[in-house]
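Me: I'd like to walk through the pockets and a helix pair of this protein with you. Could you take my questions one at a time?

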Amino acid sequence: MQTCPLCHSVQTHAYFADNHRAYRECSVCRLVFVPPVDRLSAEREKSFYDLHDNNPNDLGYRRFLSRLSQPMLERLAPQSQGLDFGCGPGPTLSVMLEEAGHDVALYDFFYYRQQEVLQRDYDFMTASEVIEHLHDPHRIWQQWLNLVKPGGWIGIMTKLVKNVDAFAGWHYKNDLTHVSFFSRDTFQFLAERDKLELEFIGNDVILLRKPQ
């Protein structure tokens, strides 16, 4: 039996399969995930990320990130301290938040592996187009909870699973670096379990707040 990488339940079942890999769904937290045997090696995964050409001067990329930055900025106290987790090779969300007066540290497993920034806590953290890449979402989710102070915010941007029919034609699953697919049910499960306030903004932005 394949264990869920998010909630560690053994109640998982076949969800979908294509020519590249199989997908399973957890019956408890509703995460859809790619089993380890079908995931890329770290080296091949990084080779995909090296092709990304994101940078703060790209106005289109800024517009895309503003879907997360704007609701975060509406909720943050002035001069908050934050962490952009999974910032990639061309950090941009952090620049946008710093332009608004906040201080933002950077962490990325491949490009900014600065362990010291994971040893403190923050008023907020962001993860834009990150959570779908996680091979061990349970460990990283616990890490995120520990990184944010009571009353602090976690801001996430990711596309959400709707149902298996939509999944079959979903371009998002075709990116071989995407291995963990969350749904509204998944975030509601996490919010209830971890006692977090939860808000969905549009189709792909999720805000969670730790209790005071």
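**Pockets and packing**

Reply: Happy to, and let's begin with a lining: the residues around the second largest pocket of this predicted model comprise five nonpolar, four polar and four charged ones.

Me: Which residues are the closest to the centre of the second largest pocket?

Reply: The second largest pocket holds about 250 Å³ of space. Its lining takes at least two residues from each of α5 (164-168) and α6 (184-194). Of the 13 residues that line this pocket, the closest to its centre are Lys159, Leu160, Val161, Lys162 and Asn203.

Me: Thanks! What volume does the largest pocket have?

Reply: Let's start with what surrounds it. The largest pocket is lined by 38 residues, and Tyr49, Gly86, Asp108, Val130 and His133 lie nearest its centre. At least two lining residues come from each of α1 (42-49), α2 (59-75), β4 (81-85) and α4 (137-147). The volume of the largest pocket is about 910 Å³.

Me: How many residues of the lining of the largest pocket are charged?

Reply: The lining divides into three groups, with 17 residues being nonpolar and 13 polar. The remaining group, the charged residues, numbers eight.

Me: Now the helices: are α4 and α6 parallel or oblique to each other?

Reply: Two packed helices are described by the angle between their axes and the distance between the axes. For α4 and α6, the axes are 13 Å apart and the angle is about 50 degrees. Angles under 35 degrees count as roughly parallel, and 65 to 115 as roughly perpendicular. The angle here falls in neither range, so α4 and α6 are oblique.

Me: And what is the handedness of the crossing, left-handed or right-handed?

Reply: The helices in question are α4 and α6, which pack against each other. Where α4 passes α6, the crossing is right-handed.

Me: Which residues of α6 make the contact with α4?

Reply: The contact residues divide into three nonpolar, one polar and two charged. On the α4 side they are Trp141, Gln142 and Leu145. From α6 come Leu190, Arg193 and Asp194.

Key
Residues are numbered from 1 along each chain as its sequence is written. This is a predicted model: local features need pLDDT of at least 70, side-chain atom pairs count only at pLDDT 80 or more; totals for chains, interfaces and linings use all residues. Side-chain values use heavy atoms; hydrogens and water are left out. On a 1 Å grid over the protein atoms alone, a cavity is a set of points where a 1.4 Å probe fits but cannot get out, and a pocket is an open set with protein on both sides within 12 Å along at least five of seven lines; lining residues have an atom within 4 Å of a point. Grid points are joined across faces, edges and corners, and a volume is the space filled by probe spheres set on the points. Helices (H or I, at least four residues) and strands (E, at least two) are DSSP runs, numbered from the N terminus. Ala, Val, Leu, Ile, Met, Phe, Trp, Tyr, Cys and Pro count as nonpolar, Asp, Glu, Lys and Arg as charged, and the others, Gly among them, as polar. Axes are lines fitted to C-alpha atoms, for helices over the stretch in contact, and angles run from 0 to 180 degrees between N-to-C directions. Angles under 35 degrees count as roughly parallel, over 145 as roughly antiparallel, 65 to 115 as roughly perpendicular and the rest as oblique. A crossing is left-handed if the near helix is turned anticlockwise from the far one by less than a right angle, and right-handed if clockwise. Contact means heavy atoms within 4.5 Å.
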